[in-house]
Amino acid sequence: MNKLSDKDVAQYFRRSYTAVDGLWFMKMEERHGFEEALAVDCAVWKVLPKIQARTLKTITGMESGIEALIHCFTTKLDMEGFRYSLTRGNGLSFTVTITGCPWR
């Protein structure tokens with residue numbers, strides 16, 4: 001059996017994750033129509049970021065607060081291959097500008 005590198009494993013899961021997102025939508029659309037598939041897609045994407053945030057918070061050991069939010073959010077964007085810039089405002093504000101989305 002071939003031993004895969006960590007990079008190969010990560011690439012495998014990234015491609016699977018990307019494929020399943022589009023595949024399940026197409027199958028939902030075939031069975032229930034576009035509007036229903038879109039409604040379910042929206043419902044899923046309202047929940048998934050919360051799960052990802054909790055997971056990143058645990059993995060990174062970050063607590064709560066603006067620095068934890070920025071760190072975890074930019075880590076997610078980096079891992080998923082987004083191109084973005086982050087501008088810090090005064091106090092607790094910041095702006096993230098997405099210039100490249102791997103899902104689009």
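Here are some short exercises, with worked solutions, on the predicted model shown above.

**Exercise 1. A helix and its length**

Task: Find how far helix α1 reaches from its first C-alpha to its last, and set that beside the expected span.

Solution:
- Start with the residues: helix α1 covers residues 6-32, which makes 27 residues.
- Next, take the expected span, which is 39 Å at 1.5 Å a residue.
- Now look at the model, where the helix reaches 38 Å, close to that expectation.
- Finally, step just past the end of α1, where glycine 33 has a positive phi of about 90°.

**Exercise 2. A nonpolar patch**

Task: Work out which residues form a nonpolar patch on the surface, and how much accessible area they have together.

Solution:
- The members to pick out are Leu4, Val9, Tyr12 and Phe13.
- Together they have about 410 Å² of accessible area.
- Leucine 4 can be placed in the segment before α1.
- With a relative accessible area of 49%, leucine 4 is partly exposed, and a residue would need over 50% to be called exposed.

**Exercise 3. A salt bridge inside one helix**

Task: Describe the salt bridge between glutamate 30 and lysine 27, and say how exposed each partner is.

Solution:
- First, the contact: the two side chains meet at 3.5 Å, N to O.
- Second, the spacing: glutamate 30 and lysine 27 are 3 residues apart in helix α1, so about one helical turn separates them.
- Third, the exposure of glutamate 30: its relative accessibility is 59%, so this residue counts as exposed.
- Fourth, the exposure of lysine 27: its relative accessibility is 40%, so this residue counts as partly exposed.

**Exercise 4. A salt bridge between a strand and a helix**

Task: Explain which parts of the chain the salt bridge of arginine 88 and glutamate 67 ties together.

Solution:
- Begin with the contact, which is 2.8 Å from N to O between the side chains.
- Then place the partners: arginine 88 is in strand β1 (residues 83-88), while glutamate 67 is in helix α3, so the pair ties together parts 21 residues apart in sequence.
- Last, check the surface: arginine 88 is partly exposed at 39% relative accessible area, and glutamate 67 is partly exposed at 45%.

**Exercise 5. Buried or exposed?**

Task: Decide whether glutamate 80 and lysine 76 are buried or exposed, and describe how they meet.

Solution:
- Find both residues in helix α3, where they are 4 residues apart, about one turn of the helix.
- Their side chains form a salt bridge at 2.6 Å, N to O.
- Recall that buried means under 20% relative accessible area; both glutamate 80 and lysine 76 are buried.
- To round off the topic, a search of the whole structure gives 3 salt bridges.

**Exercise 6. The largest pocket**

Task: Find the volume of the largest pocket, and say which helix gives the most to its lining.

Solution:
- The volume comes to about 420 Å³.
- The lining has 13 residues, and the closest to the centre are Arg14, Tyr17, Gln52, Met79 and Glu80.
- Helices α1, α2 and α3 (66-80) each supply at least two lining residues.
- Of these, α2 gives the most, with 5 residues.

**Exercise 7. Sequence and space**

Task: For two pairs of residues, give the separation in sequence and then in space, C-alpha to C-alpha.

Solution:
- Methionine 62 sits in the loop between α2 and α3 and is partly exposed, with 26% relative accessible area.
- From methionine 62 to cysteine 72 there are 10 residues in sequence and 8.1 Å in space.
- Glutamate 36 belongs to helix α2 (residues 34-60) and is partly exposed, at 41% relative accessible area.
- From glutamate 36 to tryptophan 103 there are 67 residues in sequence and 20 Å in space.

Note on methods: Residues numbered from 1 in each chain as written. Predicted model: local features only at pLDDT ≥ 70, side-chain atom pairs only at ≥ 80, totals over all residues. Heavy atoms only, no water. Expected span 1.5 Å × (residues − 1). Patch = residues over 30% accessible without salt bridge, like charges linked within 9 Å, V, L, I, M, F, W, Y side chains within 5 Å. Areas by Shrake-Rupley, 256 points an atom, 1.4 Å probe, with all protein chains shown as cover. Salt bridge = Lys/Arg side-chain N within 4 Å of Asp/Glu carboxyl O. Buried < 20%, exposed > 50% of the residue type's maximum accessible area, 1.4 Å probe, protein only. 1 Å grid on protein atoms, 1.4 Å probe; cavity = no way out; pocket = protein on both sides within 12 Å on 5 of 7 lines; lining within 4 Å. Points joined across faces, edges and corners; volume = space filled by probe spheres on them.
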